[in-house]
Amino acid sequence: MITLYTWTTPNGRKAPIMLEEVGLPYEVRAIDIGKQQQFDPEFLKVSPNNKIPAIVDHDADGGPLAIFESGAILVYLAEKTGRLLPAAGAARYKALEWTFWQVGGIGPMVGQLGFFAMRSKTKPAEAIERFTEETARLFAVMDRRLAEAAYLAGDDYSIADIACYAWTLAASTMIRQAAPAAWGDNVNIERWLNAVGERPAVQRGMAVPTV
Ligand SMILES: N[C@@H](CCC(=O)N[C@@H](CS)C(=O)NCC(=O)O)C(=O)O
C-alpha cells in the first residue's frame with residue numbers, strides 16, 4: 001500500500017495520475033495547502049520541504065520509504081513497476097529530460113504567472129510581463145517538440161507527459177484567460193492535451209483528491 005499526500009493543484013495531480021496508470025493500490029491524505037496543512041509536523045516528517053505531493057511506500061525494499069518532489073515520485077513509481085520510463089537507452093533520457101524540464105521550467109514559471117496574473121492583490125506589471133514571456137517561450141519549445149514526436153519522450157507516452165499534463169491544461173484554460181500572450185498558437189500541444197486527457201487513468205487521477 002502507498003499513502004499519497006496531495007492537493008487539488010497541478011503538482012498535486014501528477015502522482016495520482018501515475019498511481020492510476022500503473023495500478024498500484026493507494027490511500028489518499030488530502031493536504032489542504034489553503035489551510036496551511038503542509039506545515040503540520042506529521043506531514044513535515046514525510047515532506048520536509050512542506051510541499052505536496054509526497055508518498056510513503058509501506059512496502060518498499062528495506063522498509064517504509066517517504067518521497068517528496070513530484071519528479072522523484074514519478075521516477076520511483078516507474079522503476080518500481082517497470083512502466084512509463086524505459087530502463088535504459090535514449091528513450092529513458094528523453095523521458096527524464098522532459099520530466100525535469102517540467103519540474104524546473106513549466107511548474108515554477110506557470111505557477112508564478114498564475115500567482116501574479118490571477119491571485120496577486122497588486123498584479124505588478126513587470127512580474128506579469130516577465131513570467132508571461134517565459135511561459136510563452138516554454139510552451140513554444142513544447143509545441144515544437146510535439147510537432148516532431150507524438151509524446152514528449154518520443155513515440156510512447158511516459159512520465160514526462162504525466163508531469164506536464166495538469167500544468168499545461170491549467171495554462172491552456174485559466175491562465176490563458178488571465179494572460180493570453182502566455183499561450184500562443186500551440187496546435188501540437190492542443191493535439192497532445194486531447195490525447196493525454198482521453199486516457200481513463202488521467203481522468204481518474206485528475207479527480208484526486210476529492211474535496
Ligand atoms: N517542485 C515541487 C513543487 C511542489 C509544489 O510547489 N507544491 C505546491 C502546490 S502546487 C505546494 O505544496 N505549496 C505549498 C507551499 O508552498 O507552502 C514538485 O514538483 O513536487
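**View 1. E69 meets a nitrogen atom of the ligand.** In this predicted model, a polar side-chain atom of E69 lies 2.9 Å from a nitrogen atom of the ligand. If you are new here, this pair is a good place to start looking.

**View 2. S70 and I52 each approach an oxygen atom of the ligand.** For S70, the atom involved is a polar one in the side chain, 2.6 Å from a ligand oxygen. I52 takes part through its backbone instead: an N or O atom there lies 2.9 Å from an oxygen atom of the ligand. On its own the ligand has 510 Å² of accessible area, and the protein covers 79% of that.

**View 3. Twelve residues you can pick out around the ligand: T9, N11, K14, I33, Q38, F39, N50, K51, I52, P53, E69 and S70.** Sorted by character, this shell holds four nonpolar, five polar and three charged residues. The space that the ligand takes up is the largest pocket.

**View 4. A salt bridge joins R199 and E21.** Now let us turn to another pair of residues. The closest N and O atoms of R199 and E21 are 2.9 Å apart. R199 sits in the loop between α7 (187-197) and α8 (200-205), while E21 belongs to helix α1 (residues 10-22), so this pair ties together parts that are 178 residues apart in sequence. How many salt bridges does the count come to? The count comes to 11.

Terms used: Residues numbered from 1 in each chain as written. Predicted model: local features only at pLDDT ≥ 70, side-chain atom pairs only at ≥ 80, totals over all residues. Heavy atoms only, no water. Near = heavy atom within 4 Å. Polar contact = N/O pair within 3.5 Å; in protein donor to acceptor, adjacent residues only side chain to side chain. Areas by Shrake-Rupley, 256 points an atom, 1.4 Å probe, with all protein chains shown as cover. 1 Å grid on protein atoms, 1.4 Å probe; cavity = no way out; pocket = protein on both sides within 12 Å on 5 of 7 lines; lining within 4 Å. Sits in = over half its atoms within 2 Å of the grid points. Nonpolar A, V, L, I, M, F, W, Y, C, P; charged D, E, K, R; others polar. Salt bridge = Lys/Arg side-chain N within 4 Å of Asp/Glu carboxyl O. Helix = DSSP H or I, 4+ residues; strand = E, 2+ residues; numbered from the N terminus.
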